[in-house]
Amino acid sequence: MNQPRSARLVSETGDTVTVSGGEGAVRSFPVGVWMLTDGQRVVIVGEGGPLSTATVDGSALVAAVHARWPGTVVLERMPVTGSAADPRAYSARYVEVRDDGSHGEPAYADLSDAGFALGSIDAS
């Protein structure tokens, strides 16, 4: 019999990842770490908060995540419109952050096949 595919949250409430930037700037981002049935981990990085409007270097973000959780898929929650974070979770989407820092569409089908349902958030 096939085992049902699932994803379970394995991070602690309030868990964060810290990214060092230029000129000694350090920013922390909330994260959720999910373990999929096949052993793959997905780390979802949240926005830095309602006052955090500057973008973070994607390669630095991936490096910080992989330092704690090697080999994970890194997804970042991004606002759909404008550059300011939306603390009410209106108009947000997820993008995959690659090792080179570029952003792209997540592999929705592959993640779903492994038990992780992910879709865009649009409560507007």
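**Exercise 1.** Determine which strands form a hairpin with five residues between them, and which residue in the turn has a positive phi.

*Solution.* Step 1: strands are DSSP runs of E with at least two residues, and helices are runs of H or I with at least four, numbered from the N terminus. Step 2: the hairpin consists of strand 6 and strand 7. These cover residues 92–97 and residues 103–104, and they pair in the antiparallel sense over two bridges; pairing requires that DSSP finds at least two bridges between two strands. Step 3: Glu96 has Gly104 in strand 7 as its bridge partner. Step 4: in the turn, Gly101 has a positive phi of about 95°.

The model is predicted: local features need pLDDT (the predictor's confidence in each residue, from 0 to 100) of at least 70, side-chain atom pairs count only at pLDDT 80 or more, and totals for chains, interfaces and linings use all residues. Residues are numbered from 1 along each chain as its sequence is written, and side-chain values use heavy atoms, with hydrogens and water left out.

**Exercise 2.** Identify which elements supply at least two residues each of the largest nonpolar core.

*Solution.* Step 1: a nonpolar core is a set of buried (under 20% relative accessible area, 1.4 Å probe, protein chains only) Ala, Val, Leu, Ile, Met, Phe, Trp, Tyr and Cys residues joined through side-chain atoms within 4.5 Å. Step 2: the largest has 15 residues, and Val17, Phe29, Val43, Val45, Leu61 and Val65 have the most contacts inside it. Step 3: the suppliers are strand 2, strand 3, strand 4 (41–45) and helix 1 (58–68). Step 4: helix 1 gives the most, four residues.

Note on methods. Buried < 20%, exposed > 50% of the residue type's maximum accessible area, 1.4 Å probe, protein only.
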